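Me: I have a structure open and would like to talk through its architecture with you. Shall we take it one question at a time?

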Amino acid sequence: MTFLVKICGLRDVATLDAALAAGAGMVGFVHFARSPRHLELADAARLVARARARGQAQSVVLAVDPDDATVARIVEEVKPDWLQLHGAETPERVAAIQAAHDVGLIKAIGVAGPEDVTRALTYDAADLLLLDARPPRDATRPGGNGVAFDWALAGDGRLPPFLLSGGLHPDNVADAIAGLAGQASLAGVDVSSGVENAPGVKDTALVGAFIRAAVGAACQRPSMKEPVA
Ligand SMILES: O=C(O)c1ccccc1N[C@@H]1O[C@H](COP(=O)(O)O)[C@@H](O)[C@H]1O
């Protein structure tokens, strides 16, 4: 089993190349107009193609409650390995997208309490879950807020494979991974704000530090024979 380190919200070639050079196993591109990381689909397509040409990282396009036409454009024009659904998509909506398209589906779940973890269990059609903090009341977007949740909630042994996300950064990611040492379903970690020096502006030194810290902690996991970022 590999351990995934996902760097999300990349917006240009320089930061994509830096994330790949540092060993990212997943690279994410945001298509959500209210985000400082927003990319038009043509720009996302160029970056997805560049990542694929390197052959090392899986690519993810993040969308929030996309309609059918937007999902189709993402799948057919951008061609990512994964579509991350980061809105209020229901289990039925995720199942419908799964039935209609040949793309891996990540469903993001905002977590504030154990009831949210129980809700996550209803998303059978998702190939991978992503646990993020529930956004603060005054937030203008459902994720990418740099806010953490109580990681112990992710220790619920019923969870299928998931990425841990929300408020991670180079100085806390090792603790987050170590705290879930007994959780075999932890498939990797995901970061956006924690490797930026301003909203939407990635800091390549922080990207490298995050990946090193995550891979180092993943190496200590009992289930890891061959950790890969
Ligand atoms: O990054 C955004 O702007 C964004 C917008 C809408 C939904 C999700 C978004 N980001 C994702 O949220 C998680 C956690 O991010 P952070 O590390 O706490 O900033 C991650 O998957 C981001 O890509």
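**The ligand shell, the barrel and the helices**

Reply: Happy to! Let me begin with the shell around the ligand: its residues divide into ten nonpolar, 14 polar and four charged. Keep in mind that this is a predicted model.

Me: How many residues surround the ligand, and which are the closest?
Reply: The shell has polar, nonpolar and charged members, 14 of them being polar. The count of residues that surround the ligand is 28, and the closest are Cys8, Ser35, Gly143, Gly144 and Ser193.

Me: Which strands each supply at least two residues of that shell?
Reply: Three stretches of chain are the ones to look at here: 26–31 is S2, while 128–133 is S6 and 186–191 is S8. The strands that each supply at least two residues of the shell around the ligand are S2, S6 and S8.

Me: Nice, now the sheet. In what order do the strands close into a barrel, and is the pairing parallel or antiparallel?
Reply: In general, strands of a sheet pair through backbone hydrogen bonds, and either direction is possible. Here eight strands close into a barrel, in the order S1-S2-S3-S4-S5-S6-S7-S8, and the pairing is parallel.

Me: What does the twist average from one strand to the next?
Reply: Picture going around the barrel of eight strands, beginning with S1 and S2. From one strand to the next, the twist averages 30°.

Me: Which residue in S5 stands opposite Gln84?
Reply: Strand S4 covers residues 82–85 and strand S5 covers residues 104–111; the two run parallel and are joined by four bridges. Opposite Gln84, in S5, stands Ile106.

Me: Which strands does H2 touch where it packs on the sheet, and what angle does its direction make with that of S2?
Reply: H2 is the helix of residues 41–54. Where H2 packs on the sheet, it touches S2 and S3 (58–63), and its direction makes with that of S2 an angle of about 175°.

Me: Across which strands does H3 lie?
Reply: H3 is made of residues 68–78, and it runs at about 160° to S3. The strands it lies across are S2, S3 and S4.

Me: On to helix pairs: are H1 and H2 roughly parallel or oblique to each other?
Reply: The axes of H1 (residues 13–22) and H2 come within 11 Å and cross at roughly 30°. Angles under 35 degrees count as roughly parallel, so H1 is, relative to H2, roughly parallel.

Me: Which residues make that contact, and how many of them are charged?
Reply: H1 contributes Val13, Leu16 and Leu20, while H2 contributes Leu47, Arg50, Ala51 and Arg54. By class, five are nonpolar and none polar, and the number of charged residues is two.

Me: How many charged residues does the contact of H1 with H7 have?
Reply: The axes of H1 and H7 (residues 204–219) come within 9 Å and cross at roughly 25°. The contact is made by Thr15, Ala18, Ala19 and Ala22 of H1 and by Thr204, Val207, Gly208 and Ile211 of H7. Five of these residues are nonpolar and three polar, while the number of charged ones is zero.

Me: Last one: is H2 roughly parallel or oblique to H3?
Reply: In this pair, Leu41, Ala44, Ala45 and Val48 of H2 meet Arg73, Ile74, Glu77 and Val78 of H3. The crossing is right-handed. The two axes come within 9 Å and cross at roughly 40°, which means that H2 is, relative to H3, oblique.

Definitions and conventions:
Residues are numbered from 1 along each chain as its sequence is written. This is a predicted model: local features need pLDDT of at least 70, side-chain atom pairs count only at pLDDT 80 or more; totals for chains, interfaces and linings use all residues. Axes are lines fitted to C-alpha atoms, for helices over the stretch in contact, and angles run from 0 to 180 degrees between N-to-C directions. Angles under 35 degrees count as roughly parallel, over 145 as roughly antiparallel, 65 to 115 as roughly perpendicular and the rest as oblique. Two residues are in contact if their C-beta atoms, placed from the backbone, lie within 7 Å. Ala, Val, Leu, Ile, Met, Phe, Trp, Tyr, Cys and Pro count as nonpolar, Asp, Glu, Lys and Arg as charged, and the others, Gly among them, as polar. Two strands pair if DSSP finds at least two bridges between them. A residue is near a molecule or strand if its C-beta atom, placed from the backbone, lies within 6 Å of it. A crossing is left-handed if the near helix is turned anticlockwise from the far one by less than a right angle, and right-handed if clockwise.
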